[in-house]
Amino acid sequence: WTEARDQVEGATGAIVEMRRGVLLDQLGRHEEAVDAFQSAMTFAPQWRDVYAGILAHLVSAPVDIELASSVWRRSQLHLNLAPEWKVYFTLWIQFITARAGKRPVDEHRELLRSLGGSPNWWGKLASFGAGELDYAGLLSVASSLGERTEALYYQGTRLFIEGDEEGSRKQLEQVLDTNMVSFFEFEMARKLLLEESRSGDTTP
């Protein structure tokens, strides 16, 4: 990947640097990973997938709230970012903030509240993230397996934010039961559970 980055540019360069950053993080070389992520955003600053890939990785990676907040803020400056992605990215940063042991950020809640007026599914997710719609209400408007998968996942993150880690874990396990492997939420749930099992393994 390091050799490839000197041979590409634009969106392809962003993909290379993003994947390189994830690998470096998994190898424990976090500072190098941060540089790769910054490079990815520079290659394609208007490309949604760059921010999605980095933030989704940071959901389960060792917590770096400064990096995550920077990526989130840069994504919000993307003038062509569709409102549904503003919702997803803000739900993700809410969870990362909780994993960092930080208090909820009013700016996140207010953005979700402002987007919650949409009758679309992402509007319901925004209302849920802002605390204006409960889980039963969210689940009642989920009209497909994909939407139910997302409802399960975001209830899991809400339980974690509220301090119910055991309830959160059980909820994330239900996400995996959906087999919606192409969803960000499925992959994030899988990695979170994997990290939890690793941290709880005391075998020499």
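In this predicted model, serine 75 is buried, because its relative accessibility is 0% and the cut-off for burial is under 20%. The residue belongs to helix α4, which covers residues 65-76. Its side chain makes a polar contact of 3.2 Å with the side chain of glutamine 76. Beyond the residues up to four places away in sequence, serine 75 touches Tyr51, Leu81 and Phe89.

The largest pocket holds about 390 Å³ of space. Three elements each give two or more residues to its lining: α1 (10-26), α3 (48-60) and α11 (184-199). Helix α3 gives the most, with five residues. In total, 16 residues line the pocket. Met18, Gly53, Ala56, Phe184 and Lys191 lie nearest the centre. By class, eight lining residues are nonpolar, four are polar and four are charged.

Side chains of opposite charge can pair when their charged atoms come close. The model contains 13 salt bridges. One of them links arginine 48 to aspartate 49, with the closest N and O atoms 3.1 Å apart. Arginine 48 has a relative accessible area of 31%, so it counts as partly exposed. Aspartate 49 is likewise partly exposed, at 31% relative accessibility.

A second pair lies in helix α6 (residues 106-115). Here the side chains of arginine 113 and glutamate 110 meet in a salt bridge, at 2.3 Å from N to O. The two residues are three apart, about one turn of the helix. Arginine 113 is partly exposed, with a relative accessible area of 31%. For glutamate 110 the relative accessible area is 44%, which means that this residue is also partly exposed.

Helix α11, which contributes to the pocket lining, carries a salt bridge between arginine 190 and glutamate 187. The closest N and O atoms of this pair are 2.6 Å apart. Again the partners are three residues apart, about one turn of the helix. Arginine 190 is partly exposed, with a relative accessible area of 33%. Glutamate 187 counts as partly exposed because its relative accessibility is 26%, and the partly exposed class lies between 20% and 50%. Elsewhere, salt bridges that share partners form one network. Its members are Glu166, Arg169, Lys170, Glu173 and Glu196.

Key. Residues numbered from 1 in each chain as written. Predicted model: local features only at pLDDT ≥ 70, side-chain atom pairs only at ≥ 80, totals over all residues. Heavy atoms only, no water. Helix = DSSP H or I, 4+ residues; strand = E, 2+ residues; numbered from the N terminus. Buried < 20%, exposed > 50% of the residue type's maximum accessible area, 1.4 Å probe, protein only. Polar contact = N/O pair within 3.5 Å; in protein donor to acceptor, adjacent residues only side chain to side chain. Contact = heavy atoms within 4.5 Å. 1 Å grid on protein atoms, 1.4 Å probe; cavity = no way out; pocket = protein on both sides within 12 Å on 5 of 7 lines; lining within 4 Å. Points joined across faces, edges and corners; volume = space filled by probe spheres on them. Nonpolar A, V, L, I, M, F, W, Y, C, P; charged D, E, K, R; others polar. Salt bridge = Lys/Arg side-chain N within 4 Å of Asp/Glu carboxyl O.
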